[in-house]
Amino acid sequence: MPLSLYVDGPRWRGRAETLIAQASPTILVPVAKGNGYGFGIATLARETSRLGLTTIAVGEYEEIKAVSKVDSFDVLVLSPWRPWVDVTGDERIVHTVSRLDDLQKLSAGDRRPRVVLELLTSMRRHGLTTHELSEARRYLRDVRLEGFALHLPLAGDHRAEAANLARQGLELAAAAGVGHPPLWLSHLSAAEAGPLAADLGVDVRLRVGTNLWLGDRALLQPKATVLDVHDVSRGDPYGYRQRHASKSGFIVVVAGGTAHGIALEAPTPAATMRQRATSLGKGGLEAFGKALSPFRIAGKQRWFAEPPHMQCSMIWLPSDVTPPEVGAEIDVDVRFTTTQFDSVIFND
Ligand SMILES: *Cc1c(COP(=O)(O)O)cnc(C)c1O
């Protein structure tokens with residue numbers, strides 16, 4: 001109960017089913033990585049299985065464990081393979097390969113690993129350049145080529161870029177005689193991917209995280225449990241820093257601290273730029289005298305009494321507001337991709 005995420009399960013799953021149906025014939029590949037978008041990777045794996053999907057994407061090799069406990073998915077690893085990754089020979093793993101050297105190493109031996117070749121987009125994160133792609137040809141028969149991956153930027157229209165790169169990949173696959181493998185795309189909508197798939201005559205797999213899991217925030221309610229409430233009179237000291245209350249009110253201690261990813265989210269609008277620069281120079285976020293917390297009590301975002309502690313936060317409540325009871329749950333605004341909830345509760 002301490003810091004909980006309440007999920008309207010039926011509507012949340014209904015929305016995912018609609019997205020999957022609307023994307024058809026493009027296949028959605030759910031992404032479960034990092035903190036599992038607030039749900040945890042294992043929960044997302046369970047839900048992916050429930051949605052009837054058989055391929056899931058994880059961010060890193062270390063995350064495979066969390067999904068394979070749930071189901072025997074095909075697991076695409078989004079972080080490109082590097083020589084220090086121990087290839088287990090696991091048949092379910094689809095490796096992303098973004099450098100020629102790595103392709104050469106993976107193609108050595110007779111394992112013929114499953115690989116998706118990532119092509120460098122204008123993101124310029126990972127990927128083979130056009131020149132490297134042409135060099136890749138000689139290794140393609142010694143791996144199982146499962147497709148080409150494009151990770152597109154979020155800003156701008158990248159359909160032409162995607163089509164151009166995809167065409168190069170497909171021409172290469174044809175020249176190497178390794179078939180007509182699918183395209184794995186990120187950050188393109190199903191509506192954009194559909195025409196692309198039709199134009200190129202290729203199957204498309206859309207890797208999607210945020211929109212699938214967090215697309216309708218109204219179905220997600222983060223709540224923090226009230227752990228303690230203290231009356232404070234003007235002049236009373238409180239907290240690690242032993243500040244003195246400038247007026248009477250309450251200190252409300254709520255679940256949710258730095259360990260959960262709760263940070264000083266909304267600093268005071270600085271009185272002057274100079275003051276702000278000075279305090280920042282002195283000690284980063286903690287130097288802000290007062291910070292608006294992400295916790296809401298009686299419909300209003302409240303001030304931190306002091307910076308969040310590891311597992312809880314101390315919130316200041318003025319004396320004219322009735323404080324919540326210990327055990328009550330209050331609303332909290334979080335960034336889902338950086339929050340570690342203590343529990344995720346589906347209503348069904
Ligand atoms: C994280 C990630 C995704 C999913 O991104 P969202 O914005 O959460 O949908 C897709 N592709 C790659 C390569 C990623 O790293």
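This is a short chat about the pockets and the sheet of one predicted model.

Biologist: Before we start, what should I know about the model?
Modeller: The model is predicted, so to speak of local features pLDDT must be at least 70, side-chain atom pairs count only at pLDDT 80 or more, and totals for chains, interfaces and linings use all residues. Residues are numbered from 1 along each chain as its sequence is written, and side-chain values use heavy atoms, with hydrogens and water left out.

Biologist: How much space lies in the largest pocket?
Modeller: About 670 Å³, where a pocket is an open set of points on a 1 Å grid over the protein atoms alone, where a 1.4 Å probe fits, with protein on both sides within 12 Å along at least five of seven lines; the volume is the space filled by probe spheres set on the points, which are joined across faces, edges and corners.

Biologist: And which residues are closest to its centre?
Modeller: Ser186, His187, Arg207, Val208 and Gly209 are the closest of the 30 that line the largest pocket, lining residues being those with an atom within 4 Å of a point.

Biologist: Switching to the sheet, what is the strand order?
Modeller: The open sheet of eight strands runs S2-S9-S8-S7-S6-S5-S4-S3 with parallel pairing; strands are DSSP runs (E, at least two residues) numbered from the N terminus, and two strands pair if DSSP finds at least two bridges between them.

Biologist: Which strands are at the edges?
Modeller: Strand S2 (27–30) and strand S3 (55–58), each of which pairs on one side only.

Biologist: How many bridges join S7 and S8?
Modeller: Strand S7 (residues 144–151) and strand S8 (residues 183–186) pair over four bridges, and Ala149 has Trp184 in S8 as its bridge partner.
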